[in-house]
Amino acid sequence: MKQTYLFLLCAGLFINACGDDSENSAEDMPTEEPPAEETTEPMKNEDKGEEVPDEVPVEIPVTEPTFCQDISNAVVAYANEASATIDEAKEGTPFSDANLAINGVRGRGLGSGSLDVFSLDKTVDGSITLSYEGGRFCDGQGADIKVFENPFGSAAGVFFEPIIVSVSSDGESYVSFPHSFDLDSDLRINAVERWQGFAGMQPVYFHEENTAEMNVFSEAAGGDSFDLQDLPPGPQKDDILKNGVRFIKLQAAQAAVNPEDQSCGETSCYFPILPGTFGGFADVDGLYGRYILRD
Ligand SMILES: [Ca+2]
Ligand SMILES: [Ca+2]
Ligand SMILES: [Ca+2]
């Protein structure tokens, strides 16, 4: 986490830039919605004998985010700082080099898992925290974050390793995207349908060099999308929608307690390890943010 402290210090300096009244943002801000037309006259038009409803439904304008001006279209930025210890002796070694989680994404399609990955096996707690150097991820239209693991398989099924995605504006307090494992299902443990809200589920087709023209956030790119609007309601969500995300934590599901599973008695139950995955944790190829606000 040492690397993240600098960003924490910096965050305070720029926090005001997120506000709606930032001078810099003025020219990039969407033009304001014109005020809704006021209803003028009484609701009856007896002369024409028409019945007019007492209440006219008023369309509430959607508030567009105004704090994230630096919106990229297809070219987006990947997280480029990691909290995991980077072992220089492991440089370039698949699964062992933490840099492989922040060096871009190199998917191999449905039939093969990327080797350009860092395995969460190599961390102390089964997680890695990523941040965007000199900027924040923020909310915009649709999905805002995309996580790429290295699931692979065939039309018959995919080997996947689920990841819990959590976000934070300060590096201290995290809020997770809603996720659940269906405990009551008759389907096998590694049925995709049982795992909702996790990353690490979809094969990866995007490749930095081979599909450079592809929009990372298109369905064709693969990977798992997250929309900051889907965070659970509360002060943390409000904070993140206003100030953006500094840190994204990716945690192997098998390293996390499943609060819904009470079958372990006094001991906490973890999310189950999937058969066919060698008992390992997920492998992170990369993370993209769609809307970046630079400091
Ligand atoms: Ca969004
Ligand atoms: Ca994997
Ligand atoms: Ca990578």
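Two strands pair if DSSP finds at least two bridges between them. Helices (H or I, at least four residues) and strands (E, at least two) are DSSP runs, numbered from the N terminus.

This is a predicted model, where local features need pLDDT of at least 70, side-chain atom pairs count only at pLDDT 80 or more, and totals for chains, interfaces and linings use all residues. Residues are numbered from 1 along each chain as its sequence is written, while chains are lettered from A and ligands numbered from 1 in the order in which they are written.

**Exercise 1.** Find the partner of strand β6 and describe the surroundings of that partner.

*Solution.* Start with β6, residues 145-148: four bridges link this strand to β16, in the antiparallel sense. Within this pair, F148 faces G286 of β16. Now look at β16 itself, residues 286-289. G286 and Y288 lie on one side, L287 and G289 on the other, and all are buried (20 or more other C-beta atoms within 10 Å of a residue's own, with C-beta atoms placed from the backbone). Both faces of β16 are therefore covered. In general, side chains of a regular strand alternate between the two faces of the sheet.

**Exercise 2.** Work out the strand order of the open five-stranded sheet, and its edges.

*Solution.* The order is β2-β4-β14-β9-β10, and the pairing is antiparallel. At the edges are β2 (81-82) and β10 (175-176), each pairing on one side only. Next, take β9 (residues 163-168): two bridges join this strand to β10. Here V167 sits opposite V175 of β10.

**Exercise 3.** Set these strands in the whole chain.

*Solution.* Count the elements: the chain has two helices and 17 strands. Then check burial: 35% of the 295 residues count as buried.

Definitions and conventions
A residue is buried if 20 or more other C-beta atoms lie within 10 Å of its own, exposed if 12 or fewer, and partly exposed in between; C-beta atoms are placed from the backbone.
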